[in-house]
Amino acid sequence: MERRPEARIRFELPGDRSGYGTDLSWELLVKEPPPDASLLGHMRRRINELINANLRYTFGQ
């Protein structure tokens, strides 16, 4: 598998419309050339696991 050590994730945490919460979004940043579909899928899956699954485990869910 091709590795992309330069890949970065940029998080954005704007306030939600209600003014009482926060919306989370993230963007994967990589240099050219873009990763092929297989690697991109792997990177997305891994990021999702790190952000969502591990966060849920932290809170015991």
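Student: Leaving aside its neighbours within four places in sequence, which residues is Arg-4 in contact with?

Tutor: Good place to start! Arg-4 is in contact with Val-30, Lys-31, Glu-32, Pro-33, Pro-34, Pro-35, Leu-39 and Met-43. Please keep in mind that this is a predicted model.

Student: Where does Arg-4 lie among the elements?

Tutor: Arg-4 belongs to the segment before β1.

Student: Why is Arg-4 called buried?

Tutor: The relative accessible area of Arg-4 is 12%. Buried means under 20%, so Arg-4, at 12%, counts as buried.

Student: What makes the side chains of Arg-4 and Glu-6 a polar contact?

Tutor: Those two side chains are joined at 2.9 Å, and the cut-off is a pair of N or O atoms within 3.5 Å. The side chain of Arg-4 also has a polar atom 2.4 Å from the backbone oxygen of Lys-31. Lys-31 is, as you saw, one of the contacts of Arg-4.

Student: Why is the pair of Glu-6 and Arg-4 also called a salt bridge?

Tutor: The closest N and O atoms of Glu-6 and Arg-4 are 2.9 Å apart. A salt bridge needs a side-chain nitrogen of Lys or Arg within 4 Å of a carboxyl oxygen of Asp or Glu, so the pair qualifies.

Student: Is Glu-6 buried, partly exposed or exposed, and why?

Tutor: Glu-6 has 22% relative accessibility, so it counts as partly exposed. The label covers values between the buried limit of 20% and the exposed limit of 50%. Its partner Arg-4, at 12%, counts as buried.

Student: How many salt bridges does the structure hold?

Tutor: There are three. Beyond the pair of Glu-6 and Arg-4, Glu-27 pairs with Arg-10, with the closest N and O atoms 2.4 Å apart. That pair links distant parts of the chain: Glu-27 sits in strand β2 (residues 25-29) and Arg-10 in strand β1, 17 residues apart.

Student: What makes Glu-27 partly exposed?

Tutor: Its relative accessibility is 34%, and partly exposed lies between 20% and 50%. Arg-10 gets that label too, at 41%.

Student: Which residue forms a salt bridge with Glu-49?

Tutor: Arg-46 does, with the closest N and O atoms 2.8 Å apart. Glu-49 and Arg-46 are three residues apart in helix α1, so about one helical turn separates them. Glu-49 is partly exposed at 39%, and Arg-46 is partly exposed with a relative accessible area of 39%.

Student: What is the overall layout of the chain?

Tutor: The elements run β-β-α from the N terminus on, which comes to one helix and two strands. Of its 61 residues, 13% count as buried. The accessible surface is about 5300 Å², with 52% of it belonging to carbon and sulfur atoms. Of the contacts between residues at least 6 apart in sequence, 33% join residues at least 24 apart.

Student: How do you know which element has the highest mean pLDDT, and which the lowest?

Tutor: Strand β1 (residues 8-12) has the highest mean, 92, and helix α1 (residues 37-58) the lowest, 83. The chain averages a pLDDT of 84, and 87% of the residues score at least 70. As a friendly caution, predicted coordinates should not be read in detail where pLDDT is low.

Note on methods
Residues are numbered from 1 along each chain as its sequence is written. This is a predicted model: local features need pLDDT of at least 70, side-chain atom pairs count only at pLDDT 80 or more; totals for chains, interfaces and linings use all residues. Side-chain values use heavy atoms; hydrogens and water are left out. pLDDT is the predictor's confidence in each residue, from 0 to 100. Helices (H or I, at least four residues) and strands (E, at least two) are DSSP runs, numbered from the N terminus. Buried means under 20% relative accessible area, exposed over 50%, partly exposed in between (1.4 Å probe, protein chains only). A polar contact is a pair of N or O atoms within 3.5 Å; within protein, one must be able to donate a hydrogen and the other to accept it, and residues adjacent in sequence count only if both atoms are side-chain atoms. Contact means heavy atoms within 4.5 Å. Accessible areas come from the Shrake-Rupley method with a 1.4 Å probe; for residues, only the protein chains shown count as cover.
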